[in-house]
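Subject: Structure handover

Hello,

Here is the structure I said I would pass on. Please open it alongside this note.

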Amino acid sequence: MDKFDFKKKFGQNFLTDKNLLTQIVEKSGVMSDDVVVEIGAGRGALTEVLSAYAKKVYSFEIDKELFAFLGEKFDGTNVQMIFEDVMKVTDEEINKLVGGKFKLVANLPYYVTSPILTRFLQNENMVSCTVMVQEEVADRIVAEPKTKDYGVLTVICQMFGDAKKAIRVNRKMFYPVPNVDSAVVRIDKKEDCVAQNFPAFIEFVKKAFSMRRKKLSSNLETQKLKKTEIEKLLVENGFSEMARAEELSISDFKKFFALLNDKM
Ligand code: SAM
């Protein structure tokens with residue numbers, strides 16, 4: 001590929017180190033019978049390794065400048081390129097295209113990390129995701145209750161599944177070199193995640209954290225559900241009436257969501 005114009009607006013920080021790329025795919029647990037969705041093929045460095053491990057790879061890329069190169073590189077392989085902005089493709093279209101369960105593996109474009117994760121965690125066909133994110137985001141994903149990193153992203157990721165920081169990646173491994181270090185996080189779907197009601201759960205968590213320093217009862221109060229009723233429910237179920245979102249564990253969130261869901 002000749003001279004390439006790196007586009008900051010698309011979060012283009014590419015990887016080339018074969019060892020690191022192989023390590024990412026190894027950590028993802030992708031096997032020869034797995035179908036993989038990748039977001040952001042770039043110059044296809046990770047795609048190529050995924051292609052060697054997986055049964056099939058569906059890879060999205062938004063940048064028109066890469067289309068001809070990628071089309072040619074993966075012609076006749078088990079990689080299907082989708083030259084689209086992934087955020088403009090509906091879940092139904094993705095599920096129809098992929099045709100069943102899949103693993104998400106990606107060096108994510110950082111400007112859309114949270115929207116992509118929030119969206120894919122709700123896709124009932126995704127069984128795991130292994131993604132490169134900014135280290136600060138990785139810390140939020142794997143955070144413990146009562147810490148500053150524990151928030152909406154933590155709770156929705158850990159409700160979906162077990163989240164682990166798999167690899168720390170120095171910024172120098174990317175070209176161009178970004179301003180921050182990164183980490184690869186792997187999340188494996190739990191059997192008991194609230195998948196069937198994930199959109200409502202996400203809204204609930206966002207409300208619970210809407211004003212971090214305020215009590216849950218204040219953040220969750222609605223026209224239908226008064227603050228005093230929420231406090232009563234909290235106390236009846238072993239929580240403090242003063243409880244704040246950051247004090248609740250993932251299972252507390254699940255329990256409290258179930259209690260409140262039909263009342264909200
Ligand atoms: N996978 C490559 C690698 O590891 O070297 C590239 C990773 S780079 C961090 C992110 C890639 O996502 C870029 O190629 C960028 O053009 C692409 N991208 C950014 N936004 C996108 C979107 N909304 N839909 C699809 N691809 C996108």
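Below is what was found, starting with the ligand and moving on to the salt bridges and one helix.

Please keep in mind that this is a predicted model.

**Ligand site**

The ligand occupies the largest pocket. It has 21 residues around it. L15, G40, E61, D85 and Y111 are the closest of these.

Three polar contacts are worth a look. A ligand nitrogen lies 2.8 Å from a polar backbone atom of G40. A ligand nitrogen is also 2.8 Å from an N or O atom in the side chain of Y111. For N107, a side-chain N or O atom sits 2.8 Å from an oxygen of the ligand.

How much of the ligand's accessible area does the protein cover? On its own, the ligand has 600 Å² of accessible area, and the protein covers 99% of that.

**Salt bridges**

The count is 18 salt bridges. Three pairs and one network follow.

E48 and K73 form a salt bridge, with N to O at 3.0 Å. E48 belongs to helix α2 (residues 45-53) and K73 to helix α3 (residues 64-73). The two are 25 residues apart, so this pair links distant parts of the chain. Are these residues buried or exposed? Neither label fits, because partly exposed covers the range from 20% to 50% relative accessible area. E48 has 36% relative accessibility and counts as partly exposed. K73, at 31%, also counts as partly exposed.

K165 and D139 make another salt bridge, with their closest N and O atoms 2.7 Å apart. K165 is in strand β7 (residues 161-169) and D139 is in helix α6 (residues 135-141), so the bridge ties together parts 26 residues apart in sequence. K165 is partly exposed, at 32% relative accessible area. D139 is partly exposed too, at 27%.

E236 and K232 pair up within one helix. Their side chains meet at 3.3 Å, N to O. Both lie in helix α10 (residues 227-236), four residues apart, which is about one turn of the helix. Both residues are exposed.

The network takes in R212, R213, R244, E246 and E247, which are linked by salt bridges.

**Helix α5**

Helix α5 (residues 113-121) is mostly covered. Of its nine residues, seven are buried. Which ones are they? The buried residues are T113, I116, L117, T118, R119, F120 and L121.

Best wishes

How values were computed. Residues numbered from 1 in each chain as written. Predicted model: local features only at pLDDT ≥ 70, side-chain atom pairs only at ≥ 80, totals over all residues. Heavy atoms only, no water. Salt bridge = Lys/Arg side-chain N within 4 Å of Asp/Glu carboxyl O. Buried < 20%, exposed > 50% of the residue type's maximum accessible area, 1.4 Å probe, protein only. Near = heavy atom within 4 Å. Polar contact = N/O pair within 3.5 Å; in protein donor to acceptor, adjacent residues only side chain to side chain. Areas by Shrake-Rupley, 256 points an atom, 1.4 Å probe, with all protein chains shown as cover. 1 Å grid on protein atoms, 1.4 Å probe; cavity = no way out; pocket = protein on both sides within 12 Å on 5 of 7 lines; lining within 4 Å. Sits in = over half its atoms within 2 Å of the grid points.
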